[in-house]
Amino acid sequence: MTLFSKLKNELNRAGNAAKEAIDEGKLRLDLMRTRQAMDKAATKVGYAVYRARKAGGDVPADEYARLSAEVANAEAEIERIETLMREATARRKGGPGETTEPPPAS
C-alpha cells in the first residue's frame with residue numbers, strides 16, 4: 001500500500017467519524033426538541049383536565065383525543081429517535097454486524 005493510499009484511507013476514516021459525530025449530534029438535538037414538544041403536549045392535557053374538573057365536568061372526548069394524540073405522537077417520535085441513536089452508537093463502537101473500516105478505495 002502506497003503512502004498516498006494510506007493517507008487517503010486515514011482521511012476517509014476521519015471524515016466518516018466526523019460525519020457520524022455530526023449525525024449523532026443532530027439526533028440528540030431532535031430528541032431534545034421532541035421531548036420538549038411532548039412536555040408541552042402533556043401540559044396541555046393537564047391544563048385541560050384541571051379546567052374541566054374546576055368547572056365540575058370532564059374534558060370533552062374530542063379535545064382529550066386530540067391532546068392525547070399529540071402526546072402519543074411525540075412519544076412515538078422519541079422512541080424512533082432513540083432507536084436511531086442506539087444504532088448510531090452501535091455502528092460507532094463496531095457493534096455486531098457493523099464495521100468501522102471504510103469501504104475499499106476504488
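Below, a colleague and a modeller talk through a predicted model of this protein.

Colleague: Let's start with the overall make-up: how many helices and strands does the protein have?
Modeller: Happy to, and please keep in mind that the model is predicted. One helix, α1, covers residues 3-54, and another, α2, covers residues 61-92. The secondary structure of the protein comes to 2 helices and 0 strands.

Colleague: How are α1 and α2 oriented to each other, roughly parallel or roughly antiparallel?
Modeller: Two packed helices are described by the angle and the distance between their axes. Here the axes of α1 and α2 come within 9 Å and cross at roughly 160°. An angle over 145 degrees counts as roughly antiparallel, therefore α1 and α2 are roughly antiparallel.

Colleague: And which hand does the crossing of α1 and α2 have, and what kinds of residues make up their contact?
Modeller: The crossing of α1 and α2 is left-handed. The residues of this contact divide into 15 nonpolar, 3 polar and 12 charged.

Colleague: Good to know. What share of the contacts in the protein with a separation of 6 or more comes from residues 24 or more positions apart?
Modeller: One example of residues far apart in sequence is the touching pair Ala74 and Thr34. Ala74 sits in α2, while Thr34 belongs to α1. Across the protein, residues 24 or more positions apart account for this share of those contacts: 66%.

Colleague: Let's look at Thr34, then: is it buried or exposed?
Modeller: Thr34 lies in helix α1, and outside its neighbours within four places in sequence it is in contact with Ala74, Glu77, Ile78 and Ile81. Its relative accessible area is 13%. Since buried means under 20%, Thr34 counts as buried.

Colleague: Which residues does Ala74 touch, not counting those up to four places away in sequence?
Modeller: Ala74 is part of helix α2. With a relative accessibility of 9%, Ala74 is buried. Leaving out residues up to four places away, Ala74 touches Thr34 and Met38.

Colleague: I noticed a charged residue, Glu24. Is it buried or exposed?
Modeller: Glu24 is found in helix α1. Not counting residues up to four places away in sequence, Glu24 touches Thr89 and Arg92. Its relative accessible area is 9%, and because the cut-off for buried is under 20%, Glu24 is buried.

Colleague: What about Ala42: how far is its C-alpha atom from that of Ala74?
Modeller: Ala42 belongs to helix α1 and is partly exposed, with a relative accessible area of 40%. Along the chain, Ala42 and Ala74 are 32 residues apart. In space, their C-alpha atoms are separated by 9.9 Å.

Colleague: Ala37 is next on my list. How is it classed by its relative accessibility?
Modeller: Ala37 is in helix α1, and its C-alpha atom is 8.6 Å from that of Glu70, 33 residues apart along the chain. The relative accessibility of Ala37 is 41%. Since that value falls between the limits of 20% and 50%, Ala37 counts as partly exposed.

Colleague: One last thing: what percentage of the residues in the protein is buried?
Modeller: The protein exposes about 8,100 Å², and carbon and sulfur atoms supply 58% of it. Thr34 is among the buried residues, and so is Ala74. Of the 106 residues in the protein, the buried ones make up 18%.

Terms used
Residues are numbered from 1 along each chain as its sequence is written. This is a predicted model: local features need pLDDT of at least 70, side-chain atom pairs count only at pLDDT 80 or more; totals for chains, interfaces and linings use all residues. Side-chain values use heavy atoms; hydrogens and water are left out. Helices (H or I, at least four residues) and strands (E, at least two) are DSSP runs, numbered from the N terminus. Buried means under 20% relative accessible area, exposed over 50%, partly exposed in between (1.4 Å probe, protein chains only). Contact means heavy atoms within 4.5 Å. Accessible areas come from the Shrake-Rupley method with a 1.4 Å probe; for residues, only the protein chains shown count as cover. Axes are lines fitted to C-alpha atoms, for helices over the stretch in contact, and angles run from 0 to 180 degrees between N-to-C directions. Angles under 35 degrees count as roughly parallel, over 145 as roughly antiparallel, 65 to 115 as roughly perpendicular and the rest as oblique. A crossing is left-handed if the near helix is turned anticlockwise from the far one by less than a right angle, and right-handed if clockwise. Ala, Val, Leu, Ile, Met, Phe, Trp, Tyr, Cys and Pro count as nonpolar, Asp, Glu, Lys and Arg as charged, and the others, Gly among them, as polar.
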